[in-house]
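Student: I'd like a close look at one part of this model: strand pairing, together with aromatic ring pairs. Please give me the cut-offs as you go, since I like to know what each label stands for.

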Amino acid sequence: HNKIYKSELSKSIKEFQSISFKNVHFCYQKDGKYINVVSDLNFKIKKGERIGIVGKSGSGKSTIANLIMGIISPNSGEISVNNENLYRTKNKNILYEWRKLISHVPQDPYLLDKSIAENIAFGITLNQIDLDKVKIAAKKAYISDYIESLPDKYFTNVGDNGLSLSGGQKQRIAI
């Protein structure tokens with residue numbers, strides 16, 4: 001059962017200034033054992049800073065990204081946006097509002113076996129798509145020149161899961 005939340009947040013969450021992790025731990029259970037993925041993680045990212053999360057395969061990079069986005073919650077520790085704890089029990093809207101501010105493009109996004117326009121306007125039927133809005137989105141994602149070079153332009157079928165596109169082109173269409 002879905003809930004519709006009224007926004008009761010101070011404008012501080014909506015005007016992002018920083019996110020911080022304080023003593024964040026995350027683990028999961030496998031075969032009756034607890035596997036630590038993130039232990040005692042502490043950092044702060046301020047508005048305008050660019051960061052990279054690097055490490056070997058299986059070191060927790062995706063877990064940290066999922067914690068930042070609020071997809072998963074820490075087992076312990078505190079994740080705060082503008083000094084507002086995302087998991088504070090008094091106001092559950094904080095996490096909901098934070099998630100609305102996040103966009104995530106996976107490394108290998110899923111595309112429908114449909115036209116480029118239908119993939120850009122994901123979930124809208126072809127006869128209801130506003131092609132002008134699709135073109136604006138494509139231009140903002142730096143994929144419009146490529147699309148315009150195709151014989152069927154925005155009506156080109158991308159194939160099963162974007163088979164006819166490069167990884168970068170798939171990401172730009174997903175954006």
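Tutor: Happy to help: here are the ground rules, then the strands, and then the rings.

This is a predicted model, so local features are reported only at a pLDDT of at least 70 and side-chain atom pairs only at pLDDT 80 or more, while totals for chains, interfaces and linings use all residues. Residues are numbered from 1 along each chain as its sequence is written, and side-chain values rest on heavy atoms, with hydrogens and water left out.

Let's start with the backbone. Helices (H or I, at least four residues) and strands (E, at least two) are DSSP runs, numbered from the N terminus. Four strands make an open sheet with the order β2-β1-β3-β4 and antiparallel pairing; two strands count as paired if DSSP finds at least two bridges between them. The edges of this sheet are β2 and β4 (84-85), each pairing on one side only.

Zoom in on β1 and β2. Ten bridges hold the antiparallel pairing of β1 with β2, and one of the matched positions is Lys30, whose bridge partner in β2 is Lys33. Together β1 and β2 form a hairpin with two residues between them. Within that turn, Asp31 has a positive phi of about 50°. As background for the side chains, those of a regular strand alternate between the two faces of the sheet.

Now for the rings. A search of the whole structure finds two aromatic pairs. Rings of Phe, Tyr and Trp (its six-membered ring) pair if their centres lie within 6.5 Å; planes under 30 degrees apart count as stacked, over 60 as edge-to-face, and the rest as tilted.

One pair joins Phe16 and Trp98, and it is tilted: 5.7 Å centre to centre, with 35° between the planes. Because Phe16 sits in the loop between α1 (11-14) and β1 (18-30), while Trp98 belongs to helix α3 (residues 93-100), this pair ties together parts that are 82 residues apart in sequence. For burial, the labels are buried (under 20% relative accessible area), exposed (over 50%) and partly exposed in between, using a 1.4 Å probe and protein chains only. By those limits Phe16 is partly exposed, at a relative accessible area of 23%, whereas Trp98 counts as buried at 5%.

The other pair brings us back to the hairpin. Phe21 and Phe43 have ring centres 4.4 Å apart and planes at 20°, so this pair is stacked. Phe21 lies in strand β1 and Phe43 in strand β2 (residues 33-46), so the stacking ties together parts 22 residues apart in sequence. Phe21 is buried, with a relative accessible area of 1%, while Phe43 is partly exposed at 24%.

Putting the two strands back together, β1 and β2 are joined by ten antiparallel bridges, and the rings of Phe21 and Phe43 add a stacked pair between these strands.
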